[in-house]
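Welcome! Please take a moment with the sequence and the model, and then let us walk through the inside of this protein together.

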Amino acid sequence: SGGGSDGKDASVEAAAAGLHLHPFFSALTAAETRAVRRQSRRFSVAMGQRLFQQGDRGSSMFFVASGVGIVFLEDGEGRRTVVGELTAGQCVGELSLFRGELRATTVVASPAGVDVIEIGSDTLEGVLRARPMLEDMIDDLVARRELEKRGNTWLL
């Protein structure tokens, strides 16, 4: 078919190449980064569709390749409060990946949709088996994300 998917594939590859900008993935060797990229899942979420729901169990994190994800907090009565946006190069879900925590927010695709790269726990476990010293870095990242959650600065 047409060349439209080439641009999307290129943006996904560019985002995957940007994994090294994340504090955890920046500590990986080139070979480990290639393995993570090979084992990650890439997909699109259409306008209004959920990437994940607050309170869901999760064992993965997501990097935004292109598009925009809207981040919501939901109260017990179904009301949503927008707390941020995810754009290309940003990630969400580290606490679910690194510590198996429930999803703290709901992320929904904007009208433009959102293309993401999902990194699952199986991929992370493989890296940690090879280099267990990376656990200290994960502990630091989790502590920082917990502080951000308490301060409601979700995406810093």
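The paragraphs below visit the nonpolar cores, then one helix, then one residue in a strand.

Keep in mind that this is a predicted model. A good place to begin is its largest nonpolar core, which has 20 residues. Within this core, F24, F25, M61 and F98 touch the most other members. The elements that give two or more residues to it are β3 (60-74), α3 (94-99), β6 (106-120), α4 (121-130) and α5 (134-150). Of these, α5 gives the most, with four residues. Apart from this core lies another one, of 12 residues, including V64, L86, V92 and V114. In soluble globular proteins, nonpolar side chains tend to be buried together.

Now turn to helix α2, which spans residues 30-39. Which of its residues are buried? They are E32, T33, A35 and V36. These four cover an arc of only 160 degrees around the axis, so they sit on the same side of α2. On the other side of α2, you will find A30 and R38 exposed. The cover over the buried residues of α2 includes β6 and α4.

Finally, look for F72 in strand β3. Is F72 buried or exposed? Its relative accessibility is 13%, and because buried means under 20%, F72 counts as buried. Leaving aside residues up to four places away in sequence, F72 touches Q54, R80, T81, V82, V83, T105, T106 and V108. F72 and E85 are 13 residues apart in sequence, while their C-alpha atoms are 8.9 Å apart in space.

Key: Residues numbered from 1 in each chain as written. Predicted model: local features only at pLDDT ≥ 70, side-chain atom pairs only at ≥ 80, totals over all residues. Heavy atoms only, no water. Core = buried A, V, L, I, M, F, W, Y, C linked by side-chain atoms within 4.5 Å. Buried < 20%, exposed > 50% of the residue type's maximum accessible area, 1.4 Å probe, protein only. Arc of directions from axis to C-beta. Contact = heavy atoms within 4.5 Å.
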